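Biologist: Hey, can you walk me through this one? I'm new to reading structures, so plain words please.

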Amino acid sequence: MHQPINVLFICLGNICRSPMAEAVLRHKVRAAGLEDRIRVASAGTGNWHIGEPAHPGTREVLRRYGIAHEGCARQVTLRDLQAADYVIAMAQDNLRALRQLDRGGVLDGKLALLLDFAPQAGVRDVPDPYYTGEFERVYELVNAGCEGLLEHICREHGLSAGTTA
């Protein structure tokens, strides 16, 4: 039995972008039959929304696409960073905050921006819909990034849809 591959999405408050990415990737992992191999979580760099559900805009866009979401906002810990195989930030400011948290190179080789996996998007940062209200645009970017990320993980670990070994 293989150790699960742990993916951790990070944004600022863990109520808009990172829980959306968590739900979207989890949905794709389930559809590919890889839920026993890939675990997905999310957290925020800030503590403002700890214990709150995802933003209503995030929940609404996920509902429209038939994607389940459960969970509440939480703040990232050093233990989270140590346990993750992939730490995926939504934007440059999240990357900077994560690098400040890093102790002893925990993030070496596992930190990336989500849209690094969707170069066709033409942008590097997933904008924060908390301020813009553009949850649909954020969903499109998150969906593209999660698709590319899942393909990357499958390539790196020799996985394919339906792989359980």
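Modeller: Let's go through the strands, the cores, the salt bridges, the cysteines and a couple of single residues. One thing up front: this is a predicted model.

Biologist: Okay, strands then. How many bridges pair E1 and E2, and in which sense do they run, parallel or antiparallel?

Modeller: Seven bridges, and the pairing is parallel. If you want a spot to look at, Leu8 sits opposite Ala41 in E2.

Biologist: And which helix goes with E1 and E2 in a β-α-β unit?

Modeller: That's H1, residues 17–31. The β-α-β unit made by E1, H1 and E2 is right-handed.

Biologist: What about E3, how many bridges join it to E1?

Modeller: Four, and E1 and E3 (residues 86–89) run parallel. Here you can look for Ile10, which stands opposite Ala89 in E3.

Biologist: Is E1 mostly covered or mostly open?

Modeller: Mostly covered. E1 spans residues 5–11, and six of its seven residues are buried.

Biologist: In general, where do the side chains of a strand point?

Modeller: In a regular strand they alternate between the two faces of the sheet.

Biologist: Good to know. So what's in the largest nonpolar core?

Modeller: It has 40 residues, and Phe9, Ile38 and Ile88 have the most contacts inside it. E1, H1, E2, H2, E3 and H6 each put in at least two residues.

Biologist: Which of those gives the largest share?

Modeller: H6, with ten residues of this core. There's also a second, separate core of 13 residues, and Val76, Leu81, Val87 and Leu95 are among them.

Biologist: Switching to charges. How many salt bridges are there in the whole structure?

Modeller: The search turns up ten. One of them joins the side chains of Arg26 and Glu70, at 3.0 Å from N to O. That pair links distant parts of the chain: Arg26 is in helix H1, Glu70 is in the loop between H2 and H3, and they are 44 residues apart.

Biologist: Are Arg26 and Glu70 buried, exposed or something in between?

Modeller: In between. Arg26 is partly exposed at 21% relative accessible area, and Glu70 is partly exposed too, at 44%.

Biologist: Got another pair?

Modeller: Sure. Arg124 and Asp116 meet through their side chains at 2.9 Å, N to O. Arg124 is partly exposed at 46%, and Asp116 also counts as partly exposed, at 35%.

Biologist: What separates Glu140 and Arg137 in H6?

Modeller: About one helical turn, because they are three residues apart in that helix, which covers residues 135–157. Their side chains form a salt bridge at 3.9 Å, N to O. Glu140 is partly exposed at 43%, and Arg137 is partly exposed at 35%. Elsewhere, salt bridges with shared partners tie Glu60, Arg63, Arg64 and Glu136 into one network.

Biologist: New topic: how many disulfides does the search find?

Modeller: Zero.

Biologist: Why doesn't Cys72 bond to the closest cysteine?

Modeller: Because the closest cysteine sulfur, in Cys11, is 14 Å from the sulfur of Cys72, which is too far for a bond. Cys72 itself is partly exposed, at 48% relative accessible area.

Biologist: And Cys146, how far is its sulfur from the closest cysteine sulfur?

Modeller: 12 Å, again with Cys11 as the closest one, so that's too far for a bond as well. Cys146 is buried, with a relative accessible area of 0%.

Biologist: I clicked on Thr45. Where is it?

Modeller: Thr45 is in the loop between strand E2 (38–44) and helix H2 (56–64). Thr45 has a relative accessible area of 16%, and the cut-off for buried is under 20%, so Thr45 counts as buried.

Biologist: Which residues does Thr45 contact, leaving aside its neighbours in sequence?

Modeller: Beyond four places in sequence, the contacts are Ile10, Cys11, Leu12, Gln75, Val76, Asn94 and Ala97.

Biologist: Last one: what about Gln92, which helix is that in?

Modeller: H4, residues 92–101. Gln92 counts as partly exposed, at 26% relative accessibility. Setting aside residues up to four places away in sequence, Gln92 touches Leu113, Arg124 and Asp125.

Biologist: How far apart are the C-alpha atoms of Gln92 and Cys11?

Modeller: They are separated by 9.8 Å, though Gln92 and Cys11 are 81 residues apart along the chain.

Notes. Residues are numbered from 1 along each chain as its sequence is written. This is a predicted model: local features need pLDDT of at least 70, side-chain atom pairs count only at pLDDT 80 or more; totals for chains, interfaces and linings use all residues. Side-chain values use heavy atoms; hydrogens and water are left out. Buried means under 20% relative accessible area, exposed over 50%, partly exposed in between (1.4 Å probe, protein chains only). Contact means heavy atoms within 4.5 Å. Two strands pair if DSSP finds at least two bridges between them. A crossover is right-handed if, with the strands pointing away from the viewer, the path from the first strand over the helix to the second runs clockwise. A salt bridge is a side-chain nitrogen of Lys or Arg within 4 Å of a carboxyl oxygen of Asp or Glu. A disulfide is a pair of cysteine sulfur atoms within 2.5 Å. A nonpolar core is a set of buried Ala, Val, Leu, Ile, Met, Phe, Trp, Tyr and Cys residues joined through side-chain atoms within 4.5 Å.
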